[in-house]
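Work through three short exercises on the structure below. Keep the coordinates open as you go.

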Amino acid sequence: MPHHHALILNRDGAVLLIATTRTHGLTLPGGPAETDELPHHAARRHTETQTGLVLPLLRILATDHTDTHPQTLHLVHWGGRLNPAQESTTTRHRPPHTVTGVHWIHHTRLADAMHPDHHRRTAHALDALTRGTHLPLLLRSTPAE
């Protein structure tokens with residue numbers, strides 16, 4: 001089952017992370033797709049539910065196949081760099097009870113805040129962003145809208 005995450009930065013370059021009741025350490029916003037749900041819709045739904053942000057999420061920065069049970073494919077979608085108004089949305093939003101906190105963490109502190117698997121995935125996505133590389137999200141061979 002694919003999981004879709006959003007890499008979102010603030011104007012200072014800090015990464016938006018969430019704390020949940022289901023994970024150890026902080027993680028990128030996101031979660032699994034529902035049956036027949038398009039990838040960017042799953043990423044957008046989870047990001048909005050967990051942070052209050054509505055973002056297009058049409059580029060993929062990293063993919064990660066894990067051999068946890070069950071095997072999972074994680075896709076990290078690029079959420080963009082937020083302006084101050086968008087950033088304040090995260091402080092006003094009331095997430096579901098499974099999200100226990102929303103945090104902005106500088107990239108140099110990610111290793112201390114995240115589970116190692118989540119950190120490695122996020123570091124690869126940040127590296128792809130820095131290099132200007134990404135995968136376009138295609139639906140039936142056409143860029144997603």
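A polar contact of 3.1 Å links the side chains of His118 and Thr27. The model is a predicted one.

**Exercise 1. Place His118 in its surroundings: which element holds His118, and is His118 buried or exposed?**

Step 1. His118 sits in helix α4.
Step 2. Its relative accessible area is 18%. Buried means under 20%, so His118 counts as buried.
Step 3. Set aside neighbours within four places in sequence; His118 then contacts Leu26 and Thr27. With Thr27, the side chains form the polar contact of 3.1 Å.

**Exercise 2. Describe the lining of the largest pocket.**

Step 1. Start with volume: about 540 Å³.
Step 2. Count the lining: 26 residues. Nearest the centre of the pocket lie His3, His5, Thr23, Gly30 and Gly31.
Step 3. Assign elements. Two or more lining residues come from each of β1 (3-9), β3 (30-32), α1 (39-51), β5 (72-81) and α4 (116-131). The most come from α1, which gives four.
Step 4. Sort by class: 17 polar, five charged and four nonpolar residues.

**Exercise 3. Why is strand β2 described as largely enclosed by the rest of the structure?**

Step 1. Check burial. β2 spans residues 15-20, and six of its six residues are buried, so the rest of the structure largely encloses this strand.
Step 2. Split the faces. Val15, Leu17 and Ala19 are buried on one side; Leu16, Ile18 and Thr20 are buried on the other.
Step 3. Find the pairing partner. β2 pairs with strand β6 (residues 99-105) in the antiparallel sense, over six bridges. Leu16 stands opposite Trp104 of β6.

Conventions
Residues numbered from 1 in each chain as written. Predicted model: local features only at pLDDT ≥ 70, side-chain atom pairs only at ≥ 80, totals over all residues. Heavy atoms only, no water. 1 Å grid on protein atoms, 1.4 Å probe; cavity = no way out; pocket = protein on both sides within 12 Å on 5 of 7 lines; lining within 4 Å. Points joined across faces, edges and corners; volume = space filled by probe spheres on them. Nonpolar A, V, L, I, M, F, W, Y, C, P; charged D, E, K, R; others polar. Buried < 20%, exposed > 50% of the residue type's maximum accessible area, 1.4 Å probe, protein only. Pairing = 2+ DSSP bridges. Polar contact = N/O pair within 3.5 Å; in protein donor to acceptor, adjacent residues only side chain to side chain. Contact = heavy atoms within 4.5 Å.
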